Amino acid sequence: MEPPTPPAAAPLAELPAEPLLTPAYERDPAAAHARLRAAHGAVAPVELYGVKVWLVLGYPQTLEILRDARGVWSKRPDAWRAHAEGRLPADWPLLHVYAMETSLFRDGKDLNRLRAAWSAGLKPFQDRTRPSARALEQAALRHADDLITAITEHGGRTGTTDLAVQYARPLPLLVLHRLLGLPDDDNDELLLDMWRTLDAGPEAAESAARLRAAVAGACAARAAEPADDLPSAMLAAVPGLTADEVAREMLMLVGLLGDGTGALISATIAGALGAGDRDELSAAHLQETVNRAALNTPPMTNLTLRFARADTRVDGTLVAAGDPVLLSPAAAHTDPAFAGDRPPDAIYSSRAHLAWGAGAHACLGRELATTITVLAVERLLHRFTDLRLDVPGDELTWRVTPHLRSLAALPVRYELEAAPVRAQPAAEPAAARGPSPGRRFIRRLLRR
């Protein structure tokens with residue numbers, strides 16, 4: 001007797017799906033993931049601003065899709081059936097993201113060409129034996145000093161501050177400004193444009209337009225006259241790469257390095273201080289503390305969508321050709337298949353986490369992001385003799401987007417060193433550098 005034919009799975013569009021981005025999810029994504037996993041297994045239908053997508057919650061399923069050994073998955077939006085057929089709402093908030101012509105949404109030869117430029121371009125800035133990497137690190141330390149001085153200059157040796165808004169978020173933008181080779185004139189205005197663009201508030205559209213123009217101009221200039229910056233290194237690495245292509249990649253980097261690294265810095269500080277152990281921030285433990293923060297609080301909570309090239313099953317769920325799939329490193333890290341029976345708030349570590357992705361789209365800038373985070377926290381240790389959370393850890397608030405989760409605020413109490421040492425080469429006195437962009441930037445932020 002033939003086995004019965006299983007009933008056809010209902011199309012994604014016909015399945016009931018609850019919104020992913022709810023207040024409960026913002027407060028405690030691990031609990032939301034656990035509830036969805038209990039109801040649906042490793043794959044759950046959810047709504048993303050009213051558009052239905054498959055959310056992958058399982059660690060082995062997420063890793064398999066990231067590696068894509070069978071070539072089942074595409075990052076190209078034209079592989080998304082609803083997108084290709086014009087069925088997405090015209091006002092869908094993420095539509096502009098998936099219109100970006102960058103390596104984030106490329107496959108095959110197109111992706112490999114741009115990834116080759118990224119790999120070669122980042123190498124001088126990630127290899128800490130190279131002069132470019134050492135110069136960037138010195139700049140990061142100077143910027144960290146400038147920010148600390150700016151936020152503490154009106155008080156005594158003790159006080160309070162918000163290390164997310166006034167330190168963790170601005171610092172990567174200052175480093176990014178130098179890495180991109182943007183002009184120094186009025187650079188605090190460009191930094192504010194980065195900030196406003198990432199905040200996606202009422203000023204975001206105008207700021208994004210100015211930022212695009214500045215980045216395009218800088219990349220065009222580097223095509224004609226190379227310098228010691230990332231656009232120049234990428235243009236030199238791949239013959240035929242255009243300034244326009246590099247400019248689009250640099251705009252993508254503003255979000256990935258700017259917001260992502262800021263989130264990682266905040267998570268690293270909050271995780272250690274929340275555990276009540278300043279020793280976790282010591283130089284001997286710092287690399288592992290950053291790794292633990294990436295595991296427990298991955299800045300990229302959800303990766304950008306992937307699309308099935310053909311009907312395929314993921315842990316028994318039929319994903320039809322053209323369906324969108326949202327991979328969640330945060331959910332994968334709390335999957336019992338990965339985390340065992342540890343509670344979601346347990347402190348543990350693993351090098352097998354997916355915060356940096358895997359496969360063809362794995363993050364090429366993880367060493368740079370980690371280095372900036374390590375330097376940021378090291379500088380806090382140099383400048384403060386005491387640092388502690390000013391609110392209980394469970395009262396911290398979060399900035400949550402479909403892809404990013406970072407601290408909205410990180411209130412701390414501090415005690416300054418009596419005589420801080422500036423991280424600045426003797427050959428480059430402060431007067432020669434002119435007004436500090438970090439100080440101007442943070443002062444303008446505080447006046448907003």
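**Figure 1. The largest nonpolar core of the predicted model.** In this predicted model, the largest nonpolar core comprises 78 residues, and the members with the most contacts inside it are Leu163, Tyr167, Leu230, Met250, Leu253 and Leu410. Helix α12, which covers residues 243-274, contributes the largest share of this core, namely 14 residues. When neighbours within four places in sequence are left aside, Leu253 is in contact with Trp118, Leu176, Leu179, Leu180, Leu230 and Gly258. Apart from this core lies another, of 24 residues, which includes Ala32, Ala82, Leu88 and Trp92. In soluble globular proteins, nonpolar side chains tend to be buried together.

**Figure 2. The protein chain as a whole, as context for the close-up views.** The chain has 448 residues, of which 52% are buried, and its secondary structure comes to 18 helices and 13 strands. Among the contacts in the chain with a separation of 6 or more, 73% are made by residues that stand 24 or more positions apart. The chain exposes about 20000 Å², and carbon and sulfur atoms supply 54% of that area.

**Figure 3. Helix α6, residues 131-152.** Of the 22 residues in helix α6, 18 are buried, so that the helix is described as mostly covered under a threshold of 20% relative accessible area for burial. At 1.5 Å a residue, the 22 residues of α6 should span 32 Å, and the C-alpha atoms at its ends are indeed 32 Å apart, which agrees with that expectation.

**Figure 4. The open sheet and the helices packed on it.** Six strands form an open sheet in the order β1-β2-β3-β9-β6-β4, and the pairing within this sheet is mixed. Strands β1 and β4 (73-74) stand at the edges, and because each has a single partner strand, one side of each is left without a neighbour in the sheet. Helix α2 (residues 29-40) packs on the sheet, where α2 touches β1, β2 and β3, and the direction of this helix makes about 125° with that of β2. Helix α3 also packs on the sheet, touching β3, β4, β6 (306-308) and β9 (324-327), and the direction of α3 makes about 115° with that of β9. The buried residues of α3, which spans residues 59-67, are Tyr59, Gln61, Thr62, Leu63, Ile65 and Leu66.

**Figure 5. Strand β2 and its two pairings.** Strand β2, which covers residues 43-48, is mostly covered, with 5 of its 6 residues buried. Strand β1 (residues 18-19) pairs with β2 in the parallel sense over 2 bridges, and the bridge partner that Pro19 finds in β2 is Glu47. With strand β3 (residues 51-56), by contrast, β2 runs antiparallel, and 6 bridges join these two strands. Leu48 stands opposite Val51, a residue of β3. In a regular strand the side chains alternate between the two faces of the sheet.

**Figure 6. Two residues with positive phi, Tyr49 and Asp68.** Most residues other than glycine have a negative phi. Tyr49, which is not a glycine, nevertheless has a positive phi near 55°, and its place is in the loop between β2 and β3. The hairpin formed by these two strands has 2 residues between the strands. With a relative accessibility of 40%, Tyr49 counts as partly exposed, because this value falls between the limits of 20% for buried and 50% for exposed residues. Asp68, likewise a residue other than glycine, has a positive phi near 50°; Asp68 comes just after α3 and lies in the loop between α3 and β4. The relative accessible area of Asp68 is 21%, and Asp68 is therefore classed as partly exposed.

**Figure 7. The surroundings of Leu190 in helix α9.** Leu190 is found in helix α9, which covers residues 187-199. Its relative accessible area is 11%, and Leu190 is therefore classed as buried. If residues up to four places away in sequence are not counted, Leu190 touches His177, Leu182, Pro183 and Ala214. Although Leu190 and Ser207 are 17 residues apart along the chain, their C-alpha atoms are separated by 8.4 Å.

Definitions and conventions:
Residues are numbered from 1 along each chain as its sequence is written. This is a predicted model: local features need pLDDT of at least 70, side-chain atom pairs count only at pLDDT 80 or more; totals for chains, interfaces and linings use all residues. Side-chain values use heavy atoms; hydrogens and water are left out. Helices (H or I, at least four residues) and strands (E, at least two) are DSSP runs, numbered from the N terminus. Buried means under 20% relative accessible area, exposed over 50%, partly exposed in between (1.4 Å probe, protein chains only). Contact means heavy atoms within 4.5 Å. Accessible areas come from the Shrake-Rupley method with a 1.4 Å probe; for residues, only the protein chains shown count as cover. The expected span of a helix is 1.5 Å times one less than its number of residues. A nonpolar core is a set of buried Ala, Val, Leu, Ile, Met, Phe, Trp, Tyr and Cys residues joined through side-chain atoms within 4.5 Å. Two strands pair if DSSP finds at least two bridges between them. Axes are lines fitted to C-alpha atoms, for helices over the stretch in contact, and angles run from 0 to 180 degrees between N-to-C directions.
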